[in-house]
Amino acid sequence: MTDESNPNGRVQLDAAALAMQRVRRFTRFRIQPALYCETRPVDLTAWAVGGEPVPFAEALAQHFEPVAIGDSWGRAWDTVWFDVRGDVPADWAPDETELVVDLGFVSQQPGFQAEATAYRTDGSIVKAIEPLNAWVPVTEPGPFRLLLEAAANPTIQVPNEYEPTPLGDPSTSGENPRYRVVRLELARRDRTVWELLQDVVTLDGLVDVLPKDGSRRAEIVHALESMVDRMDPDDVAGTAALGRSVLAGVLATGASNSALKVSAVGHAHIDCAWLWPTRETMRKVARTFANVLDLIERDPDFVFAASSAQQYAWLKDGQPELFERVRAAVAAGRIRPVGGMWVESDTNMPGGEALARQFVMGKQFFLEEFGVESDEVWLPDSFGYTAALPQIARAAGARYFLTQKPSWNETNRMPFSSFQWEGIDGSRLFTHFPPAETYNSDLGALDLARTERTFSEKGVAKEVLSLFGWGDGGGGPTREMLAQATRKRDLDGSPRITLSDPNSFFRAAEAELTDPPVWVGEMYLELHRGTLVSQQKTKRGNRHSEALLREAELWSATASILRGTPYPETELRDAWRTVLLQQFHDILPGTSIAWVHQDAEAGYARVASSLGAIIETALAALAGDGDTELAANAGPFALHGVSAMAIGAASPPTSATPRTVDDEVVLEDAALRVVIDRRGSLVSVRDLAADRELIPEGLAGGVLQLLRDTPREWDAWDINEEDQRSGRELLDPVSVVVDGDAVHIRHEFGASTVDARVRVVNGRIDFAFEIDWHESQKLLKLAFPLDVRADHSTSEIQFGHLNRPIHRNTSWDAARFETVAHRWIHVGEPSWGVAIANDVVYGHDIRTLTSPAGRPMTVARLSLLRAPRYPDPYADQGMHSFTISLRPGGIPEAITDGYRQSLPVRPTRGIPVEPLLAVSNPAIVVEAVKLAEDGSGDLIVRLYEAHGDRSSSTLTTSIDWEAVETVDLLERAVAGTEIRSTADRLVELTLRPFELMTLRFRAPRAAS
């Protein structure tokens, strides 16, 4: 608002605003420069690695050259070691003496730019150096020497957000130095001035969030201005104590009785890879834990929570001395391993068994290394949460769930902060969304005011959680954050803060909220829908690796039991660890720099090679040396005449012979009649048994659509619905020709080509696509308009399936315009439907629309490829392949086709081998067969109810066993469960809808 009499048009400030302007200037130009009362220069030399990081001992042996303040250092991704030497005056107190460093930080954002690790000369780590935490304690008087391992990590996110950048690939990141040494000196911190600054920051923050016309705000403004009045601007150090005394009164006023109770837990969300490769994450983990251990020594109440067993494993392997210090802190309760997973994975795309193994591997590591087991699931940043997760987590012994990501929803706000989350089988987790809506809180007034404002259960509950510490790129809490916590233990205008731990919080919150609300089903993130499509090669590697792991475990277990072949436990564990790491929520979703996805593809290639060798070894041991051509069927259903999980003679599939009629090609077998026109489109698909047409009159199916893909932000992450209004259908192929039993259709557009082969096989249509993709900011979809009147679609998820509305009755329905499915989707009417299966597609959109004839229809589209330009400017370029199948049928047919796509039979030779077990009801699906993790030789069988109905089955075994019992995912007996078995090795099972069950068949023990 301007004053018309003011010729300059300046905003007229009230007295409080003018006072705060004065206070903030005094703080910036007087108090902050007085933090260090004395400084001393240091001697500085450096050695540039010129490549990948090296161990401390190797760096110490190098020749270091002199470096001066102002010198440039570090090309992108290089490491420079600085040798720092100096002399601490005898009269400097140990808790005041610090090495202060500025490596040329380009912004106040830790974790996204240069950072360093400070080492003692014995190779032990002291602390990390990052923006907002750029100091190292020097605790002994006299001469000192520190070595700084400085990482020249380029700034990719800011200021280059969403701009294509070559910095994410070391081959294109350039040779020029990216940083300049700005400051490196020994300094003496004035503790009183530092404490005064924390007082001022605390109160200044409250001024910004308290009601402008409130008495508490006026009281604080008055106190701050009085501090400025009383202090001498030319002698801040000498009058800092006086300034603190002026503020003491307003800092001593207690919080109201209605204030929320904030359990503040130290935290550092460390992305296993994102805008940096995993090799840099290993160093980020060490830096963060070093910071945390320093703070633990300074504050007896501080507790730090850290997830991801993988990161502890990296620390154990790369920094064993630091790991032992972490182990001691865990034993003391100061560091809490949380989450129980190998990494903070994506939960949309990993298969059911992979999500189970996240918990198995994570919990095993924590139990073996620390003797602790966390009971919460910790996924603050994953892009939506599968409705299968509550059951999987409960089966792993978890009770609680934490995230804040749904606060990012574009359209709808989640209605609860603390609640019960119910999964597809009815399992529940007590769930909390930290109402600060961040996992990187600084415990400042803005975060705490947001906590008060957004906590949905206020009035009936007070317990909330706050995660404080710099994250994403690591760094963790700082001493300034702990100062905020200290001042806000009981402060008027703020929630009450208590330094706590996750388990204590969850128990208090659960006890307080005696009748919590319930959220049923998936927690769909109304954002980042493009993560189901981006970096298709990474996604293919994941799907293929999951299938290979099933094969390798099944055949290795079978060979071990039937032939005595050694079980390759170590090799299988290593393969699982690679796959689980690469399911991290910025790797599998395709949102990382090029380097990360190059590493991922190389990792999948290693996994394929290792598992391929394991499978061949097991099959050779099982089938022997015979020459009879056989097929190994690792799937849970019979395929090509081979029983499930058996080796036998296969009968080839029957495919229709194409014939040309006028300008169209007809493919017909006993179940289907398919007509393809000169545009390469399906103009008729007739279900001969039901005498029903699948394609609505006047429309075509199997049509590729090339759509605009220019998100408003978050390029690799997002698909915006409005972009899909702009695009075209590929209806002008270069050729449509008959080639054997297939119709070959070729499209050319831009610099890209698509070769599609369409066949009719055993009552279904099979599409095989080979795509040479060279588009930019385009989205390729495959569309099927279907003459089906449906109000929901069904999509496979882990250990079951999920029904979703396909109308747009509510804003929640409309926002769900791109959804995840695993191997199949289904739409149908009560007695008839259509199943579409795939080999490696995750993104789908399914809507009810109106046909040209004015009748209701359903359109199902599969999202095949994208071409985002950030953070990888060349994402998805190159060759891709897909296989898609479509058939009339129900949920059972969809399930069968999905497994057929994922687990085709494997050719082998020898003699047939019967399966270890068989299930009489196809509604109960065997998902994994393996030997027990403890090396006992016991057989572990994981199965689930797949039809969404209460189902019973007889499980027949072909092996000897002493006993069978129900166990959890960690293969521990489940109390209160009973399995009915008979003397002839039969097991009777009854499973609830979508129930997950793990059976342990105890191997016969040799007589003692």
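Here is a friendly chat about two strand regions of a predicted model.

Modeller: A word on the ground rules: this is a predicted model, where local features need pLDDT of at least 70, side-chain atom pairs count only at pLDDT 80 or more, and totals for chains, interfaces and linings use all residues. Residues are numbered from 1 along each chain as its sequence is written, and side-chain values use heavy atoms, with hydrogens and water left out.

Biologist: How many of the ten residues of strand E35 are buried?

Modeller: Strands (E, at least two residues) and helices (H or I, at least four) are DSSP runs numbered from the N terminus. Buried means under 20% relative accessible area, with a 1.4 Å probe and protein chains only. Strand E35 covers residues 764-773 and is mostly covered, the buried count being seven.

Biologist: Which residue of E44 is the bridge partner of Trp 773?

Modeller: Two strands pair if DSSP finds at least two bridges between them. E35 and strand E44 (residues 878-888) pair in the antiparallel sense over nine bridges. E35 is also joined to strand E34 (residues 752-761), antiparallel, by nine bridges. On the E44 side, the partner of Trp 773 is Gly 878.

Biologist: Which residue takes a positive phi in the hairpin of E34 and E35?

Modeller: Thr 753 has Asp 772 in E35 as its bridge partner. Two residues lie between the strands of this hairpin, and the one with a positive phi near 50° is Asn 762.

Biologist: Which are the edge strands of the open sheet E3-E2-E5-E10-E7-E8?

Modeller: This sheet has six strands with antiparallel pairing. Each edge strand pairs on one side only, and these are strand E3 (65-66) and strand E8 (125-129).

Definitions and conventions:
Buried means under 20% relative accessible area, exposed over 50%, partly exposed in between (1.4 Å probe, protein chains only).
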